[in-house]
Amino acid sequence: MYPAIQIGSLQIPLYGITFLAGLALAIWFATMMGHRVSLPKADVLYGALFAFIGILVGSKVVYLITTLPSLIQYWNRVCELYPELFPRIFFILTYLLGGYVYYGGLIGAILFLYMYCHLYKVDFIAFIDLFAVFIPFVHGIGRIACFLAGCCYGIEYHGPFAVHFPYQEAIPELCEVPRFPVQLLEAGLNFVFFGVLLILFFKTKIRKGRLLGIYLLYYVIARFFLEMLRGDSNRGSIGFLSTSQIISLILLPIGIMIILKGLPEKLHFRIPQKKTEPAAEAGSSE
Amino acid sequence: MEQNNGGSPIGLLLGILSLIISIIGGITFGVIGAAIALVLGIAAIAISINTKKATGGQQGTGGMVCGILGIVFGAIFAIGCTVCGASVASATGGATSGGTWAGCVGVRCFAEKTVNDLNDAYGDEIQDAIDNIDWSQFNEN
């Protein structure tokens, strides 16, 4: 819809601004709520920054895994277009540096958060309980950003709320037919579930990482079916299932397990208390 | 107890580099500059957090702030143009997709260069085909 805004002679892409604004808002709210899980504001901020780094790294790694086979398959055609070495290297870098996968970002965020908690002996389970609430919020903002950019578009659709995207030179097939607004549907579902998790966080004593399990259960089911409404076939697939559907099937039992058993106690990463020795007997000290 | 952590100047240096490269590199070279800024910003933040933990929050703020800003600008320039990569798909006949280009903010519009390359590669063939059409077959008798 509106992939970029014009400021003078520069076009600023809206996707990044929208996503980062949502992320900043979520981090701010999380620092305000950290005391409910006995986390200091500073630790919440540092953990959030580590998680953000994990989002960037994880989403990029999974994107590369899904994209490299295509680049290898069409390598000869790429060499035809770019016979000189430097333009070819530049093309490869710009091609590989674009694109991100949500599930990779989620897994990366959890791994990097684990790394932070392990390094500095902070309660990982408390972090998970706090951050799980905001995952659907940030993701919902991201899906709105997708709608603005025109990426992750839906299947051809002629019913109510069908969207006619304006012509974009980058995605010519986007405007050929009216599309189902799958980005907005997913954003709406995410915001609703954000409300659900918020209520569970404030009104119940569900902890021990189970909020993450509840989120995973909701999202893997939702994503599995939302994938059927996606029209961008270039997002990667294995057989008749898309990459995200396969990841959903892998995460489903993990989510169920977390709900049933919670996360292991050792993930609290508590600093062990030093044993205080009994006071020395009279006459035995210096 | 405060400690003089040697990571503070390193984190600050990396953060400043990240910030400068994200703005200048993002504007002039698009995604390449933005990607370099992202890597430097990530390193700056990691080192600054370690410094803050080691010094009880006394040091490391400058590196953290610069690193965050470098990542923000880099992410804006790098993430935003995901859709432009589809131009590669049409340029290469569906060979590739999903790339981010230097085009949205960068002076060097690689997407445009791709189209120009296509014209250079196949433009003559197309022009030859047009020139060789026997227009007489369309004349009405």
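This passage looks at one helix pair in chain A and at two loop residues with positive phi. The model is predicted.

Two packed helices are described by the angle between their axes and the distance between the axes. For helix H5 (residues 102-120) of chain A and helix H6 (residues 124-149) of chain A, the angle is about 155 degrees and the axes lie 11 Å apart. Angles over 145 degrees count as roughly antiparallel, and H5(A) and H6(A) are therefore roughly antiparallel to each other. Their crossing is right-handed. On the H5(A) side, the contact is formed by Tyr102(A), Leu113(A), Tyr114(A) and Cys117(A), while H6(A) contributes Phe124(A), Phe127(A) and His139(A). Sorted by character, the residues of this contact comprise six nonpolar and one polar, with no charged residue.

The loop between H5 and H6 of chain A holds Lys121(A), a residue worth a look for its backbone. Phi of Lys121(A) is near 55 degrees, a positive value in a residue other than glycine. Lys121(A) has 12 other C-beta atoms within 10 Å, and a residue is exposed if that number is 12 or fewer, so Lys121(A) is exposed.

Further along the chain comes the loop between H6 and helix H7 (182-203) of chain A, where Phe161(A) is found. Phe161(A), although not a glycine, has a positive phi of about 65 degrees. Because 10 C-beta neighbours lie inside 10 Å, Phe161(A) counts as exposed.

Terms used:
Residues are numbered from 1 along each chain as its sequence is written. Chains are lettered from A and ligands numbered from 1 in the order in which they are written. This is a predicted model: local features need pLDDT of at least 70, side-chain atom pairs count only at pLDDT 80 or more; totals for chains, interfaces and linings use all residues. Axes are lines fitted to C-alpha atoms, for helices over the stretch in contact, and angles run from 0 to 180 degrees between N-to-C directions. Helices (H or I, at least four residues) and strands (E, at least two) are DSSP runs, numbered from the N terminus. Angles under 35 degrees count as roughly parallel, over 145 as roughly antiparallel, 65 to 115 as roughly perpendicular and the rest as oblique. A crossing is left-handed if the near helix is turned anticlockwise from the far one by less than a right angle, and right-handed if clockwise. Two residues are in contact if their C-beta atoms, placed from the backbone, lie within 7 Å. Ala, Val, Leu, Ile, Met, Phe, Trp, Tyr, Cys and Pro count as nonpolar, Asp, Glu, Lys and Arg as charged, and the others, Gly among them, as polar. A residue is buried if 20 or more other C-beta atoms lie within 10 Å of its own, exposed if 12 or fewer, and partly exposed in between; C-beta atoms are placed from the backbone.
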